[in-house]
Amino acid sequence: MQAYSPDALRNVALVGHGGSGKTTLVDCLAWASGTTHRHGSVDDGTALTDSAPDEVQKHHSISLGVAYVEWYGTKLNLLDTPGAPEFVGEDVCALAVADAALLVLSATDGVQVGSEKAWELCDRYQLPRMIVVTQMDKEQADFARVYDDIRTHLTPKALPVEVPIRDAHGFHGLVNLFSGHCHEFVPGAKGRYERVEIPDALRPQVQAYTDQLLEAVAATDDGLIERYLNGEPIPREDVTRALRQAVIDGAIVPLFAVSGTDGHGVRTLLKEMVELLPSPLDIPAPADVPLLGRVFKTQSEPHVGEVTFFRLYRGELQSGTEVWNAEHGVAEKLAHLSIPLGRERQEVDRLVAGDIGCVAKLKDTHTGDTFCRREAPVRLPEIAFPEATATAAIVTARGEEDKLAAALHRLHEEDPSFHFEYHSEIGQTLLHGMGERHFDILLGRLASRYGVKAELARPRVAYRETFKGRAEGQGKHKKQTGGRGQYGDCRIRIAPLPRGSGIRFVDAITGGVIPGKYLPAVERGIVEAAERGVLSGHPVTDFEVTCYDGSYHDVDSSEMAFRAAGALAFRTVAPNARPVLLEPVMAVDVWAPDELLGDVLGDLSGRRGHIVGTEPDGRATRVRAFVPQAELYRYATVLHALTRGRGRHHEQFHAYAEAPPEVAAKVAKENQEARQGQLAAAH
């Protein structure tokens with residue numbers, strides 16, 4: 001395959017709601033252009049960019065797919081994103097390296113939640129974009145309704161460049177507003193068409209859309225606006241040039257209509273993508289260095305290992321070139337340089353700035369990494385993955401923990417939108433990701449790729465205990481076993497402290513009744529006993545303990561004896577200091593549509609949440625609340641259902657607060673049952 005110059009490249013991310021037809025459209029674009037010779041299908045697992053076994057099995061995209069088409073002497077790199085909110089990390093990777101976006105909308109469903117979120121992501125990356133209404137072959141397709149939807153929910157800058165023709169026989173033609181020509185599709189001919197007369201019934205609508213388009217385009221160009229106002233005809237090439245600049249500037253968003261199933265309209269769409277979308281030369285490179293590339297996807301393949309996908313911003317690569325990974329300070333050799341076409345890869349001799357390529361078996365280079373020349377090192381800003389919205393514990397068979405950790409590490413290198421940690425206090429490995437479907441995919445890949453069978457569990461809560469009252473008493477450790485004995489004796493006083501104070505030890509010994517060298521051992525014994533709790537086995541905190549009296553033996557006293565005495569004193573005194581359970585409380589921000597706000601507020605109240613306030617925030621209302629952590633398990637899933645996918649939330653630790661008696665009793669009972677189970681297992 002020839003190496004295209006930067007001005008003949010287009011890097012386009014296809015984004016939109018799950019099920020809107022992105023993967024089908026990519027497959028059809030490749031088929032209609034002749035890049036591939038088979039028109040695949042998502043339903044039967046043959047779609048070009050659904051290559052992973054779990055995607056084929058589930059009949060929907062899970063990972064970012066990459067393909068290309070060649071049209072009018074131009075190579076279009078197409079980045080097919082999944083669309084489901086659980087896999088938004090894949091969308092972010094695509095948009096981070098794309099020069100433009102094509103928002104795909106269903107002709108029957110219009111603007112959906114995923115469409116709005118994709119649009120917001122495009123805004124974040126300030127990408128020029130076009131919109132295509134696909135699935136026009138479906139019986140309930142309604143282009144006019146979708147257009148109204150776009151202008152209401154997304155942008156008033158959207159303007160049709162084509163008007164679809166539908167009647168009782170379905171979607172069978174398009175009127176191009178640039179040329180004024182009407183194209184009647186030839187059935188089964190890869191989207192080819194014949195020129196016919198515009199139907200009389202459609203002429204008023206076509207004229208209205210044409211006037212709207214020409215006026216908007218002319219308004220972006222001082223030279224055109226005067227000619228337009230004077231009624232002068234404007235050649236198509238001048239309109240195209242001005243529209244292209246308006247698209248790059250974000251002033252106009254062209255709108256098209258196609259059927260990805262039968263190919264109707266895709267040839268025109270390809271032509272307009274070439275004419276209107278920016279090349280890499282139109283978008284400044286993120287750094288001015290001789291060589292610059294970014295890895296945006298890492299994919300594990302059977303019999304191959306890891307395949308690394310990258311965007312080249314500056315310089316040129318030959319197959320076998322050695323590059324410098326600035327993140328990890330290592331050199332990597334790009335052997336067997338290739339370009340991706342769905343599940344296939346085609347080796348090439350070289351790759352130029354602006355293009356997308358892939359290479360297998362890099363050792364230390366992963367998603368998000370930058371590569372460059374050793375003598376001109378540079379690191380691009382990290383790809384900003386969205387914050388995890390769900391947490392679950394992951395468990396595997398005893399003895400498999402190290403294997404699980406290694407496998408999760410490999411999966412994280414491939415998909416940085418999730419991370420994991422071992423939480424020593426609760427004794428669980430926690431997964432943080434984008435939702436339950438995200439976790440299901442991870443569990444499946446753990447089993448199929450690494451032979452690790454794991455399952456999810458509810459995360460334990462890191463409760464604390466503290467005291468509300470004061471108490472004092474003695475701890476005396478005395479043991480005689482023949483020969484030298486053990487003797488330690490201390491008297492302590494416990495008092496509560498404000499939240500967040502921790503444990504404060506006060507030495508109030510006078511007269512040397514306990515030698516100073518033994519007091520650290522007393523403190524250590526108290527702190528160790530406090531770790532095991534009084535009520536529920538959780539650590540005790542926020543109290544002051546004063547050691548004010550005691551005694552010692554010249555021969556039998558030791559640090560070990562006074563450590564035991566301190567622990568005994570704590571266990572004796574603590575139950576009399578009115579111990580209570582503390583639960584972690586999270587500060588929760590929830591964004592929800594106004595019309596569903598009541599349901600969200602009711603649900604938060606049902607979770608023992610304290611509503612702090614509400615305020616408008618963009619298209620949604622922001623709710624601020626304090627909610628016990630124990631009540632937030634699977635909250636992201638519930639919020640998604642309550643708000644029909646339009647809600648989102650953020651939570652972070654706020655403080656510990658006294659738990660209600662019924663919660664404390666339940667936690668204490670669970671702790672007692674767990675201890676009994678451990679004792680039974682030990683015997």
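User: What rules out a disulfide for C372 in this predicted model?

Analyst: The closest cysteine sulfur to that of C372 belongs to C93, and the separation is 20 Å. A disulfide requires two cysteine sulfurs within 2.5 Å, so at 20 Å the pair is too far apart for a bond. A disulfide is a covalent bond between the sulfur atoms of two cysteines.

User: How many disulfides does the structure hold, and what is the distance from the sulfur of C490 to the nearest cysteine sulfur?

Analyst: The structure holds 0 disulfides. For C490, the nearest cysteine sulfur is that of C547, 5.1 Å away. Set against the limit of 2.5 Å, that value leaves C490 in no disulfide.

User: Why is C372 called buried, and what is the relative accessible area of C490?

Analyst: The relative accessible area of C372 is 0%. The label applies under 20%, so C372 is buried. C490 has a relative accessible area of 0% and is therefore buried.

User: Is T268 buried or exposed, and where does T268 lie?

Analyst: T268 lies in helix α9, residues 266–276. Its relative accessibility is 8%; since the limit for buried is under 20%, T268 counts as buried. With neighbours within four places in sequence left aside, T268 is in contact with E162, N176, H183 and Y193.

User: Is D43 buried or exposed?

Analyst: D43 has 62% relative accessibility. Exposed means over 50%, so D43 counts as exposed. D43 is found in the loop between α1 (22–33) and α2 (53–58). Its C-alpha atom is separated by 9.8 Å from that of T24, 19 residues apart along the chain.

User: What makes strand β8 mostly covered?

Analyst: Strand β8 spans residues 170–176, and 7 of its 7 residues are buried.

User: How do you know that β7 and β8 pair, and in which sense do they run?

Analyst: Pairing takes at least two bridges. Strand β7 (residues 162–167) is joined to β8 by 6 bridges, so the two strands pair, and they run antiparallel. One of the partnerships is that of D167 in β7 with G170 in β8. The two strands form a hairpin with 2 residues between them.

User: Which strand pairs with β8 over 3 bridges?

Analyst: That is strand β9 (residues 182–185), in the antiparallel sense. In β9, C182 is the bridge partner of V175. The hairpin of β8 and β9 has 5 residues between the strands, and there G180 takes a positive phi near 75°.

User: What is the strand order in the open sheet of 4 strands, and what makes a strand an edge strand there?

Analyst: The order is β27-β28-β30-β29, with mixed pairing. The edge strands, β27 (471–479) and β29 (503–507), each pair on one side only. From one strand to the next, the twist averages 25°.

User: How many bridges join β29 to β30?

Analyst: β29 is joined to strand β30 (residues 543–551) by 5 bridges, and the two run parallel. With at least two bridges needed, β29 and β30 therefore count as paired. F505 has V545 in β30 as its bridge partner.

User: Which helices pack on that sheet?

Analyst: Helix α12 (residues 519–531) does, touching β28 (486–496), β29 and β30; its direction makes about 155° with that of β29. Helix α13 (residues 559–573) also packs on the sheet, touching β27, β28 and β30, and its direction makes about 40° with that of β28.

Methods: Residues are numbered from 1 along each chain as its sequence is written. This is a predicted model: local features need pLDDT of at least 70, side-chain atom pairs count only at pLDDT 80 or more; totals for chains, interfaces and linings use all residues. Side-chain values use heavy atoms; hydrogens and water are left out. Buried means under 20% relative accessible area, exposed over 50%, partly exposed in between (1.4 Å probe, protein chains only). Axes are lines fitted to C-alpha atoms, for helices over the stretch in contact, and angles run from 0 to 180 degrees between N-to-C directions. Contact means heavy atoms within 4.5 Å.
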